[in-house]
Amino acid sequence: MSDVRHRAVTVSGHRIFYREAGPRQAPTVLLLHGYPTSSHMFRHLVPALADRYHVIAPDHLGFGHSDTPPVDDVDYSFDTLASVTEGLLDAVGVEEFAVYVQDYGAPIGWRLALAHPERVSAIVSQNGNAYDAGFVEPFWEPIWAYAADPNPDNEAVLRDALGWDAIRWQYTHGVPDPALVSPDTWTYDHALFQRPGVEAAQLRLFADYTSNVALYPRVHEYFRETQVPLLAVWGANDEIFGPDGARAFRSDLPEAEIHLLDAGHFVLESDFDTAVGYLRGFLGRTLA
């Protein structure tokens, strides 16, 4: 197993934590985590790729070990998260990269690609949505309601989503054998959500999610114009981003490689070896 180093840089006055492994001269793979987790979701993937790649996995602003400044001091939006990620890449000297996106990591990755398409060599999406077809509406209805009207009643529903049971559900739903998923995952995430300022920051990001949907037409145009190599490794039983979200990539990227696994939202927790096999094959062919 390759050594993994745990580092931090300052971006726009904020401490941003990241995990790094592998030779700096090798192609870079950027791992962008989703909600409600952090780079902790990649704790096994970073060393699994580092024999051939330079791997970086940051914690987004407001997540994990990165700073969580008060909402009065920072505009918690996906534009901000993408800007901070771009600042991290500049700080560590990364100019070109393949990007692995999951959940919230997807709209951050799409913004990076739209801003600098020449920097993105390949995309891996693991339950990272880019199409309306991917939304499983029962999950998203309260988020759309809050974005349209952030009144106390709508906010109360989403505050429940920050709790222990909701975080645990994100890891265990759709997994045929939930015993494969370590309880360390949701315990760790929930503990970090107790930091001051995290709840308010997450509510701001819930409210901003509609900005990602508004971005989709530009993302589809980017796909059509660049034909960027794309692999989708997707938990087919996900009740947040359904399998139609994976299939939709082929509407703009006919050569997209799509694999639907008998898994839920966090494929790496229950089907790690299968997912990594597809990932290493794709990267080996694409970045050779």
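In the predicted model, Thr 85 is located in helix H2, which spans residues 78–92. With a relative accessibility of 5%, Thr 85 counts as buried, because the cut-off for burial is a relative accessible area under 20%. When neighbours within four places in sequence are left aside, the contacts of Thr 85 are with Leu 30, Leu 32, His 60, Ile 108 and Leu 112.

Two of these partners, Ile 108 and Leu 112, are among the buried residues of helix H3, a helix that covers residues 105–115 and has 10 of its 11 residues buried, so that it is largely enclosed by the rest of the structure. The buried set in H3 comprises Gly 105, Ala 106, Pro 107, Ile 108, Gly 109, Trp 110, Arg 111, Leu 112, Ala 113 and Leu 114. The packing partners of these buried residues are H2, helix H9 (210–226) and the strands E3 (28–32), E5 (97–101) and E6 (120–125).

The largest nonpolar core contains 101 residues, of which Leu 45, Phe 223 and Phe 249 touch the most other members. Helix H2 gives the most to this core, contributing 7 residues. For Phe 249, the contacts that remain once neighbours within four places in sequence are set aside are Trp 110, Ser 125, Gly 128, Ala 130, Tyr 131, Phe 223, Leu 230, Ala 232, Trp 234 and Ala 256; Phe 249 is thus in contact with Phe 223, and Trp 110, also in this list, is one of the buried residues of H3.

At the level of the whole protein, 12 helices and 8 strands are present, and buried residues make up 58% of the 288 residues. The radius of gyration is 18 Å, which agrees with the value near 19 Å that a compact globule of 288 residues would have, and the C-alpha atoms fill a box of roughly 50 × 40 × 40 Å along the principal axes. Among contacts with a separation of 6 or more, 76% are accounted for by residues 24 or more positions apart. The accessible surface comes to about 11,400 Å², of which carbon and sulfur atoms hold 50%. The side chains include 19 positive and 40 negative groups, and the centres of these two sets lie 7 Å apart.

A second threonine, Thr 172, is found in helix H6 (residues 164–172) and, at 12% relative accessibility, also counts as buried. Not counting residues up to four places away in sequence, Thr 172 touches Pro 178 and Trp 186. The C-alpha atoms of Thr 172 and Asp 208 are 26 Å apart in space, for a sequence separation of 36 residues.

Several features of backbone geometry fall in loops. Tyr 35 and Pro 36 are joined by a cis peptide bond with omega of about 5 degrees, and Pro 36 has its place in the loop between E3 and helix H1 (45–49). Asn 127, a residue other than glycine, has a positive phi near 55 degrees; its place is in the loop between E6 and helix H4 (137–148), where Asn 127 is buried with a relative accessible area of 0%. Gln 227, likewise not a glycine, has a positive phi of about 50 degrees and is found in the loop between H9 and strand E7 (230–235). Whereas Asn 127 is buried, Gln 227 counts as partly exposed, at 37% relative accessibility.

Technical notes. Residues numbered from 1 in each chain as written. Predicted model: local features only at pLDDT ≥ 70, side-chain atom pairs only at ≥ 80, totals over all residues. Heavy atoms only, no water. Helix = DSSP H or I, 4+ residues; strand = E, 2+ residues; numbered from the N terminus. Rg over C-alpha atoms; globule rule 2.2 N^0.38 Å. Buried < 20%, exposed > 50% of the residue type's maximum accessible area, 1.4 Å probe, protein only. Contact = heavy atoms within 4.5 Å. Areas by Shrake-Rupley, 256 points an atom, 1.4 Å probe, with all protein chains shown as cover. Lys, Arg positive; Asp, Glu negative; His and termini not counted. Charge placed at Lys NZ, Arg CZ, Asp CG, Glu CD. Core = buried A, V, L, I, M, F, W, Y, C linked by side-chain atoms within 4.5 Å.
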